[in-house]
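I opened this model to look at the ligand site, the empty spaces and one helix end. My notes follow in the order of looking.

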Amino acid sequence: MRISVIGCGYLGAVHAACMAKLGHDVVGIDVDERKIADLSAGHAPFFEPGLEQLLQEVQATGRLSFMTEMSAAEGSQVHFVCVGTPQKKGENAADLSYVDAAIAGLAPYLSPGDLVVGKSTVPVGTAARLSDVVKGAQPSSELMWNPEFLREGHAVTDTLQPDRLVYGVHDGSEEHPAVQILDRVYSGPLEAGTPRLVTDLPTAELVKTAANSFLATKISFINAMAELCDAAGANVSLLADAIGMDDRIGRKFLNAGIGFGGGCLPKDIRAFMARAGELGADQALTFLREVDAINMRRRTRVVELTRELCGGSLLGQRITVLGAAFKPQSDDVRDSPALSIAAQLQLQGAVVTVTDPEALGNAARRFPELHYEEFTEAAMNRADAVLLLTEWPEYRELDPYEAGALVSAKRVLDGRNALDARKWRAAGWTYRGLGRP
Ligand code: UDX
């Protein structure tokens, strides 16, 4: 099939490459000329395991190209909308200007029978509104919503082998003609057994925001338990292991630490609350305010613990922060708790050095006032305290004896509860975890 993918960020670039891998002829479209130049040359414009190899593999087949002009969408039968929906400045609501611009830009190039498929995370009700715009431009075309659940760091496998496919269509019917078209697009994963659910448009939009809200709630739940464990002298990691063995609860997403960040969970729960308010259902989501508050409190808590660890004052203390990305296997620093803690420590008078295997470029653009070191050893040199804030494997596997020879004072704060406390203490370190005695 001929497919266009509008928006080539974390979601669209991966989607375009994966659609070509599934055998389709794909054009990726983005207004960012640098991104398009990178992608056209087979370079991933961001760090995502497996993406660069996949781009090169499918580009060699001639089935994948990238363009900056929307007119390149003309002639495709299916158009995926993959642009961002960031948080509006100064508000909780989502900024839909990129989605609106994508649909408005695409409208003149729609041919009879084309299918527009929304993948961006949008407030419920957006798809119905955009459907009118699409129908207004080309009455025999159709808009459906097909939310995306990919995780950064696993984006390629999550797209090629998703755990479910959700199709939102106007009448919520399996018989809707758009369902057959999208089944052809996803015939590979469907034949491999991926379950597929057909819903109406608002349910499909809500599936995504509900899923992210649940994940955020799970993380904040365990972080609230970490606060209690700290107060009671208990161990949140063992608590998580024990409750996670109940398969109604499950162990995944129960890692207590500095909390969630990234381009999705924080802004999605806020946009969800804002949308619920507009719908007159704000009471239903007031708990998400608490989820957000627990999450943000983690960052303040780490700053306070670091102050304690440094003997009561941060002034002039040399602090090394291991990890800048919002999670390992990513170079994304959007709302990264690690980076926000680093910046806060610096504001409070510490001398902060940040290192990360992939995210230093993005981090330096976001917080140019921090000091960055490419190599872990150099970053730890003469540190008064070391903070592990993103659990990259190389930090988890650090040798406490070798690390101890580099620093001025052997103090470590394990913001992800990723280190073996006993081993670090045995090597002479003062070890602090979060919710661990
Ligand atoms: C998330 C959703 O998982 C994905 O389905 C959706 O499509 C987009 O948003 P992503 O933002 O890539 O994906 O990251 P995710 O793996 O969900 O992690 C989010 C944050 O939670 C990270 O900062 C991570 O460090 C943190 N986290 C995760 C915890 O603090 N504890 C955990 O147990 C799990």
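Entry 1, ligand shell. I sorted the residues of the shell around the ligand by class and got ten nonpolar, four polar and six charged. I keep in mind throughout that this is a predicted model. The shell holds 20 residues, and I noted F149, L150, E152, N255 and F326 as the closest to the ligand.

I then asked which helix gives the largest share of the shell around the ligand. Helix α9, residues 201-232, does, with four residues. By domain, I found at least three shell residues from domain 1 (2-194) and at least three from domain 2 (234-437).

Entry 2, polar contacts of the ligand. I looked up three side chains. K327 has a polar side-chain atom 2.9 Å from a ligand oxygen. For R416, the distance from a polar side-chain atom to an oxygen of the ligand is 3.0 Å. In K208, an N or O atom of the side chain is 3.3 Å from a ligand oxygen. I also checked the cover: the ligand alone exposes 670 Å², and the protein buries 92% of that.

Entry 3, cavity. I found one cavity of 30 Å³ or more in the structure. The volume of the largest cavity is about 80 Å³. It is lined by 13 residues, and V122, P123, T209, A271 and F272 are the closest to its centre. The elements that supply two or more lining residues are α9 and α11 (265-278). Of the elements, α11 gives the most, five residues.

I listed the cavity lining by class as seven nonpolar, three polar and three charged residues. Domain 1 (2-194) and domain 2 (234-437) each contribute at least three residues to the lining of this cavity.

Entry 4, second largest pocket. I recorded a volume of about 170 Å³ for the second largest pocket. Its lining consists of N235, S237, L238, D241, R251, A421, R425, Y431, R436 and P437. Which element gives the most to this lining? I found that α10 does, with three residues. Both α10 (236-244) and α18 (421-426) supply at least two residues each. The lining of the second largest pocket has four nonpolar, two polar and four charged residues.

Entry 5, helix α2. I looked at both sides of α2, residues 33-40. At the N-terminal end, D32 acts as the cap, with a side-chain oxygen 3.0 Å from the backbone nitrogen of R34. After α2 comes G42, and I noted its positive phi, near 80°.

Notes
Residues are numbered from 1 along each chain as its sequence is written. This is a predicted model: local features need pLDDT of at least 70, side-chain atom pairs count only at pLDDT 80 or more; totals for chains, interfaces and linings use all residues. Side-chain values use heavy atoms; hydrogens and water are left out. A residue is near a molecule or strand if one of its heavy atoms lies within 4 Å of it. A polar contact is a pair of N or O atoms within 3.5 Å; within protein, one must be able to donate a hydrogen and the other to accept it, and residues adjacent in sequence count only if both atoms are side-chain atoms. Accessible areas come from the Shrake-Rupley method with a 1.4 Å probe; for residues, only the protein chains shown count as cover. Ala, Val, Leu, Ile, Met, Phe, Trp, Tyr, Cys and Pro count as nonpolar, Asp, Glu, Lys and Arg as charged, and the others, Gly among them, as polar. Domain bounds come from an automatic or database domain assignment. On a 1 Å grid over the protein atoms alone, a cavity is a set of points where a 1.4 Å probe fits but cannot get out, and a pocket is an open set with protein on both sides within 12 Å along at least five of seven lines; lining residues have an atom within 4 Å of a point. Grid points are joined across faces, edges and corners, and a volume is the space filled by probe spheres set on the points.
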